[in-house]
Amino acid sequence: MVRALRRLFVGIRYLPDRILHRRRHLAANRLLADLDPPNSVIVICHANICRSPYLEAVLKRALPDIRIASAGFVGPGRPVPAFSLAVSAERGLDLSQFRSRPLVPASVRDADLLVVMDERQARYLTSYLRVEPSRIVIAGDLDPTPAATRVIEDPWQQPMQAYVTAFDRLDRCAATLVRHFRRKR
């Protein structure tokens, strides 16, 4: 009974994300099409140890002419978790030397594009750091495949399958970014 209620709650909670996915995906593509070719991109997630380091590495490999960095809202110097290392290594990425970095206003100010994992992070950037919404894209909106939620779920302290699922979505998001940025270069 409790599981059924939880599934119902989650289904209702994320219903707007599923309904609005196509519209948000098209809007994200328009934003990227209208954007001048970026010189720098910052990928942001909460702790900068799972999602953003992975997407940073994927984008650096695909777009070597663009400065790609990542940051988070939690303290510096933490390594990526073991599951993240394993899944990344299976995809040809070595994150073993990566250490988390805090989000600092100067780097945000200098970036041409900021990629966040959820709407709350986008609101923080616009509200507290005064970033123009036209410089922010929510990663889930780049995913051409509809998902249960707009959020790229944080796999921290989850089973390895959560990392695989999150990184699969981030790969699709990266492909959208790469397609737009290669066209402009």
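The legends below accompany close-up views of a predicted model.

**View 1. The whole chain, a predicted model with 8 helices and 4 strands.**
Followed along the sequence, these elements come in the pattern α-α-β-α-β-α-α-β-α-β-α-α. The radius of gyration of the chain is 16 Å, close to the 16 Å that the globule rule gives for 185 residues, so the chain is as compact as a globular protein of that length. Along its principal axes, the C-alpha trace spans about 55 × 35 × 30 Å. Of the 185 residues, 44% count as buried, and the accessible surface comes to about 10000 Å², with 57% of that surface belonging to carbon and sulfur atoms. Among the contacts between residues at least 6 apart in sequence, 74% join residues that are at least 24 apart.

**View 2. The open sheet, in which 4 strands are paired in parallel.**
The strands of this sheet stand in the order 2-1-3-4. Strand 2 (67-72) and strand 4 (136-138) are at the edges, and because each has a single partner strand, one side of each is left without a neighbour in the sheet. From one strand to the next, the twist averages 25 degrees.

**View 3. The pairing of strand 3 with strand 4 at one end of the strand order.**
Strand 3, made up of residues 113-116, pairs with strand 4 in the parallel sense over 3 bridges. Within this pairing, Leu114 has Ile136 of strand 4 as its bridge partner.

**View 4. Helix 3 lying across three strands of the sheet, namely strand 1, strand 2 and strand 3.**
This helix covers residues 51-62, and strand 1, one of the strands that helix 3 lies across, covers residues 40-45. Relative to strand 2, helix 3 runs at about 180 degrees.

**View 5. Leu31 of helix 2 and its surroundings.**
Leaving aside neighbours within four places in sequence, Leu31 is in contact with Leu113, Pro133, Ser134 and Ile136. Leu31 and Ile136 are 105 residues apart along the chain, yet their C-alpha atoms are separated by 9.0 Å. Ile136 is also the residue of strand 4 that serves as the bridge partner of Leu114, while Leu113, another contact of Leu31, falls within the range of residues 113-116 given for strand 3.

**View 6. His21, a buried residue of helix 2.**
Helix 2 takes in residues 15-34, and His21 is found within that helix. The relative accessible area of His21 is 10%, and because a residue under 20% counts as buried, His21 is placed in that class. Apart from neighbours within four places in sequence, the residues in contact with His21 are Gly140, Asp143, Pro144, Thr145 and Pro146.

**View 7. Cys45 and Cys50, two buried cysteines that are not joined by a disulfide.**
A disulfide is a covalent bond between the sulfur atoms of two cysteines. The sulfur of Cys45 has its closest cysteine sulfur in Cys50, at 6.8 Å, and this is too far for a bond, because a disulfide requires the two sulfur atoms to be within 2.5 Å. Cys50, for its part, is in no disulfide, and a search of the whole structure finds 0 disulfides. Both residues count as buried, with a relative accessible area of 2% for Cys45 and a relative accessibility of 1% for Cys50.

Technical notes. Residues numbered from 1 in each chain as written. Predicted model: local features only at pLDDT ≥ 70, side-chain atom pairs only at ≥ 80, totals over all residues. Heavy atoms only, no water. Pairing = 2+ DSSP bridges. Helix = DSSP H or I, 4+ residues; strand = E, 2+ residues; numbered from the N terminus. Axes fitted to C-alpha atoms, helices over the stretch in contact; angles between N-to-C directions. Contact = heavy atoms within 4.5 Å. Rg over C-alpha atoms; globule rule 2.2 N^0.38 Å. Buried < 20%, exposed > 50% of the residue type's maximum accessible area, 1.4 Å probe, protein only. Areas by Shrake-Rupley, 256 points an atom, 1.4 Å probe, with all protein chains shown as cover.
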